[in-house]
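Student: I should like a close look at a single part of this structure, beginning with one packing contact and then following the elements around it. Please describe it in connected form.

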Amino acid sequence: MKSEAIWKDVEEYINRKVVKQSAFQSEVLDISEKEGLPPINVQPPEGKLFSIIARSINAKRALEIGVLGGFSGLWILSGMENGTLIGLEKSEKHARIAKENFVKAGYGNNATIMVGDALSSLNHLIEDKAEPFDIILIDADKPPYLEYFKKSIALSHSGTIIFVDNMVWNGDIANRNDKSESSQGIRKLYDQLELDERVVGTVIQTVGTKGYDGFAVLRVS
Ligand SMILES: C[S@@+](CC[C@H](N)C(=O)[O-])C[C@H]1O[C@@H](n2cnc3c(N)ncnc32)[C@H](O)[C@@H]1O
């Protein structure tokens, strides 16, 4: 069994050789650190996948639930040709930093952040009959993951790709002794996915600079 140190080295190697994030994406991580944001952004290889998938499905409309400093949002925006991203973020500080980063990256006209609780923003989007999104990333607090998924389905069309981050949660999802609200929230989504015929999907386990985790890729039928 290789140690965790090697996961980090390999991720850095992969990032350098294949992911090749832009200088500004690296700067966003520096800005986030300086601003005191928690280092809970997605890993660059995952972000690059968002970009590749967005490009592959010719995505024009993206929804992100949980924006932080805009790191994953930038990856999604980079995969769309003049597409738009709506980000839902409860922290005014995170929303401000993300917006500044989107503007600096040249996406000032392509990104909107709805500040507030994501469930209420999602309800607004549904009530306002928002045009369906092509790509959705669920990456906010874990207890309402099932609600985020259901509302994401309501804002999808056939072919929408829904990514859900933190679906392995350091392995705790398979540890029934772990009764934390976050693990229980993620498990409720698994229970839904077990029965739900509206999506086909998978969960990919990951290791790297952020430890052991994973993400779901779901395609709306
Ligand atoms: C894991 S971070 C998002 C990381 C980001 N997707 C990235 O990879 O760069 C989670 C974010 O969700 C936000 N958040 C947590 N609970 C929320 C809620 N109920 N409504 C909206 N945003 C929430 C947090 O403030 C935080 O910025």
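Tutor: In this predicted model, the crossing of helix 6 and helix 7 is left-handed. Helix 6 spans residues 118-127 and helix 7 spans residues 145-154; their axes come within 10 Å and cross at roughly 20°. Because angles under 35 degrees count as roughly parallel, this crossing makes helix 6 roughly parallel to helix 7. On the side of helix 6, the contact is made by Ala118, Leu119, Leu122 and Ile126, and these meet Glu147, Tyr148, Lys151 and Ala154 of helix 7. By class, the residues of this contact divide into 6 nonpolar and 2 charged, with no polar residue.

Ala118 leads from this helix pair to the ligand. Ala118 belongs to the contact with helix 7, and Ala118 is also listed among the closest residues to the ligand, together with Asn41, Gly66, Phe71 and Ser72. In total, 18 residues surround the ligand. Two elements give two or more residues to this shell, namely helix 4 (71-79) and strand 2 (84-89). The shell divides into 8 nonpolar, 5 polar and 5 charged residues, whereas the contact of helix 6 with helix 7 has no polar residue.

The sheet may be considered next. Seven strands form an open sheet in the order 3-2-1-4-5-7-6, and the pairing is mixed. Its edges are strand 3 (111-115) and strand 6, each of which pairs on one side only. From one strand to the next, the twist averages 15°.

Within that order, strand 1 (residues 61-65) and strand 4 (residues 133-138) run parallel and are joined by 4 bridges. Here Ile65 stands opposite Ile138 of strand 4.

Strand 6 (residues 199-208) pairs with strand 7 (residues 211-220) in the antiparallel sense, over 10 bridges. These two strands form a hairpin, with 2 residues between them. Along their pairing, Gly201 stands opposite Leu218 in strand 7. The sheet thus contains a parallel pair in strand 1 and strand 4 and an antiparallel pair in strand 6 and strand 7, in keeping with its mixed pairing.

Towards the other edge, helix 5 (residues 92-104) lies across strand 2 and strand 3, running at about 175° to strand 3. Because angles over 145 degrees count as roughly antiparallel, helix 5 is roughly antiparallel to strand 3. Strand 2, one of the strands that helix 5 lies across, is also one of the elements that give two or more residues to the shell around the ligand.

Technical notes:
Residues numbered from 1 in each chain as written. Predicted model: local features only at pLDDT ≥ 70, side-chain atom pairs only at ≥ 80, totals over all residues. Axes fitted to C-alpha atoms, helices over the stretch in contact; angles between N-to-C directions. Parallel < 35°, antiparallel > 145°, perpendicular 65-115°, else oblique. Left-handed = near helix turned anticlockwise from the far one by under 90°. Contact = placed C-beta atoms within 7 Å. Nonpolar A, V, L, I, M, F, W, Y, C, P; charged D, E, K, R; others polar. Pairing = 2+ DSSP bridges. Near = placed C-beta within 6 Å.
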